[in-house]
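Please open the structure in a viewer and keep the sequence panel visible beside it. The tour below proceeds stop by stop, with a selection to make at each one.

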Amino acid sequence: MTTVIDMMCRISPILAAVVFMQLANAAPSSTVMPSDTVIEASVDGLGLYQAHCAACHDGQVPRAPHMITFSTIGADTILNAMNNGVMRAQASALSATEREVLASFLAGEAMAPPKPILACADPLGALANSDAAAMQGWGGNAANHRHSDGTLAGLDRNNVDQLGLKWVFAYPGALRARSQPLVHDGVVFVGSQSGTIYALDLDSGCAHWTYSAGAEVRSSLSLGQLPDRDDPVLYMGDFSAIVHAIDASDGSLVWRASVGDHTDATITGSPKLHDGALYVPLSSSEWATAADPGYACCTFRGGVVSVDAASGELNWRTHVIDEPAVETGETNPFGADRKGPAGAPVWNSPTIDAERGVLYVGTGEGYTSPAADTSDAVLAFSLATGERQWAKQLLGGDAWNMACFIGEAANCPEEDGPDLDIGASTVLWSGAARDYLLVGQKSGDVYALDPDKGGAIVWHNKVGRGGFLGGVHWGMSANGDSLFVPIADTTITGRFTGPISPGIHALDPTSGEVRWYTPSVADCDGKSPIPVCDQGMSAAITSTDQLVFAGSLDGNLNAYDSLSGEVVWSFDTFGEFESVSGDTALGGSIESDGPVLYKGHVLVNSGYQFGARMPGNALMVFSLQPSADLAQSVADE
Ligand code: HEC
């Protein structure tokens, strides 16, 4: 089989020459290894790297972590990316041993056992069935308000300035932290990059139990009750498109079900539990597989699956694109068949509208040309049958995949982007007279759609320039008065131009009128310029009646007054912190998931190695009763 690098030579001799020059520069480091055996392994590792990975990881592809950063990820994580993660296709030609050699070479270390975490001394007792203070999964509620009742959250304008750091957990073997925690009855349930699920004590951060999903868990967990079980059940989706249901009291498996119908299917958005069914959004890594010029691009269709919450049995599976992809009769310049239509992945958590008997999802870009008419769209599906009720496309002609990053690569659709997904969950909001389905797009556009009129546009306002990480990227929040819209508008890539407005915008949900806008101000002094430090607000945000909590890519976590937009509390999560197990936790960009509020606590993940954001592995818990030791160690820095 021809390798990507061979293809690169044919596509762009100059680019390939740059790749080889960089490799030549990288080579000396492998000759200073101490022992003969290590040199032997490094030589093999370098060869494998050159043949299978270098074409994208030497800085050409902005979204791919640069080769020099691999040494900080650890061999396990690299191996996991090849075996179960986003690099499955790129490593498919390698044997198990070759993958291990390559992972060790790139990490600059032998495969190491994971570092121990702090286990709780006392066993976890029976868990309560319901907990009014708990935000239920990703969106906080079925309508995705990402809102917490201020009284239950125990946080208001008057006490927010007393928040301080209580404890920090270091996810082992991780350089990003993006599974939004769920707190229930004093226990923090959270997934991780390694695929381990942790049940941590809210007071101390010790671990009651762990469960291994086997592949990265990006989504938030959901918690529910089954009729024939005493203990609540936790649900989550992993990067291999497997859904797990586990007992919340001890982490034992209740059931596990593979829900994808494509080899590249993944779960990034959080499954929603509603009335005995679990609704699972389907995304894919085929956008990355498409970078291989020999790949017959593309066949994945975004979708939603409903499974029975008690058994994991399939209720229905529905696709965003009606008909399966077919051969178009054309081939790409390297002789691979062209297939389509494909794409329109769903990577947001569905919004449940029980009254109308439907769920809503937003979709991403098409992978093939012409872009499917349900890409960058909002769709309504029947909760009972999965049948499509309506689709409202908000941007047509958006077709893109990773092949577009590597020059005139064979599988880049002619549209070449702009990749302006609807990645944030839609928010169903009830006004005095009517309901609004509020939608934020990576373009910076915010829409209110009419759920009773097939998604007809009620109002539209563009509050950001838009870009690679949005515009609106992961999640807006609404309280009874306002819709809060985080805008990233990063300058990480030069592709998007024009004035930017990163920060928080408060909109009138009935008109779209901006009530206030508080710009995010870069706090990047002393922070690593590579990857880029940026003030953009890409992560999802959370509100109470009085406050809005939001994090930024420079690592700052802010609380805003919901009426004035004034910043009333702030904490910089960037840097090294002592973890509960005496290890070092690294804070970096706040990205993807958003703050969780629970009885005087704020929980936030910090660190996100992807596409030029700052890496890290920290889960930080703030409380109105902070730890005196931690407050001291932070002050000493
Ligand atoms: C065609 C381009 C391309 C090739 C070839 C490629 N990668 Fe990647 N790699 C990427 C991109 C893009 C990402 C970021 C993926 C994302 O953002 O989802 C990535 C991510 C990764 C990550 C981080 C994964 C994670 O979950 O964060 C690792 C580790 C990695 N690649 C290793 C490799 C190795 C090892 C090889 C060779 C076997 C390889 N890659 C080949 C483009 C490539």
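Two strands are said to pair if DSSP finds at least two bridges between them. The model shown here is predicted.

**First stop: a four-stranded sheet**

Select residues 427-430, which form strand β21, and residues 456-462, which form strand β24. These are the edge strands of an open sheet, and each of them pairs on one side only. The sheet holds four strands in the order β21-β22-β23-β24, and the pairing is antiparallel. On average, neighbouring strands here are turned by 25 degrees against each other, with direction ignored.

Next, select residues 435-440 for strand β22 and residues 445-450 for strand β23. The two run antiparallel and are joined by four bridges. To see one facing pair, display Gly440, which stands opposite Val446 in β23.

**Second stop: the ligand**

Select the ligand and display the residues around it. Which residues are the closest to the ligand? Among the 22 residues that surround it, the closest are Cys53, Cys56, His57, Met87 and Arg176.

Two of these side chains deserve a separate selection. For His57, an N or O atom of the side chain is 2.7 Å from a nitrogen atom of the ligand. For Arg176, a polar side-chain atom lies 2.5 Å from an oxygen atom of the ligand.

Now colour the helical elements α5 (54-57), α7 (75-83) and α8 (96-107), which are the elements that give two or more residues to the shell around the ligand. The most comes from α7, with three residues. Colouring the shell by residue class shows 17 nonpolar, three polar and two charged residues.

Why does the ligand lie between two domains? Select domain 1 (4-107) and domain 2 (259-418): both give residues to the shell around the ligand, so the ligand lies between them.

**Third stop: strand β4 and its two partners**

Select residues 196-201, which form strand β4. Is this strand mostly covered or mostly uncovered? Strand β4 is mostly covered, with six of its six residues buried; buried here means under 20% relative accessible area. Thr196, Tyr198 and Leu200 point one way from β4, while Ile197, Ala199 and Asp201 point the other way.

Add residues 187-190, strand β3, which runs antiparallel to β4 and is joined to it by four bridges. Phe189 stands opposite Ala199 in β4. The two strands form a hairpin with five residues between them, and Gly195 in the turn has a positive phi of about 95 degrees.

Then add residues 207-212, strand β5, which pairs with β4 in the antiparallel sense over five bridges. Here Tyr198 has Thr210 in β5 as its bridge partner. β4 and β5 also form a hairpin with five residues between them, and Gly205 in the turn has a positive phi of about 85 degrees.

**Last stop: a second four-stranded sheet**

Select strands β25, β26, β27 and β28, which form an open sheet in that order with antiparallel pairing. At the edges stand β25 (477-478) and β28 (514-519); each has a single partner strand, so one side of each is left without a neighbour in the sheet.

To finish, select residues 483-487 for strand β26 and residues 503-507 for strand β27, which pair in the antiparallel sense over five bridges. The facing pair to display is Phe484, which stands opposite Ala506 in β27.

Key. Residues are numbered from 1 along each chain as its sequence is written. This is a predicted model: local features need pLDDT of at least 70, side-chain atom pairs count only at pLDDT 80 or more; totals for chains, interfaces and linings use all residues. Side-chain values use heavy atoms; hydrogens and water are left out. Axes are lines fitted to C-alpha atoms, for helices over the stretch in contact, and angles run from 0 to 180 degrees between N-to-C directions. A residue is near a molecule or strand if one of its heavy atoms lies within 4 Å of it. A polar contact is a pair of N or O atoms within 3.5 Å; within protein, one must be able to donate a hydrogen and the other to accept it, and residues adjacent in sequence count only if both atoms are side-chain atoms. Ala, Val, Leu, Ile, Met, Phe, Trp, Tyr, Cys and Pro count as nonpolar, Asp, Glu, Lys and Arg as charged, and the others, Gly among them, as polar. Domain bounds come from an automatic or database domain assignment. Buried means under 20% relative accessible area, exposed over 50%, partly exposed in between (1.4 Å probe, protein chains only).
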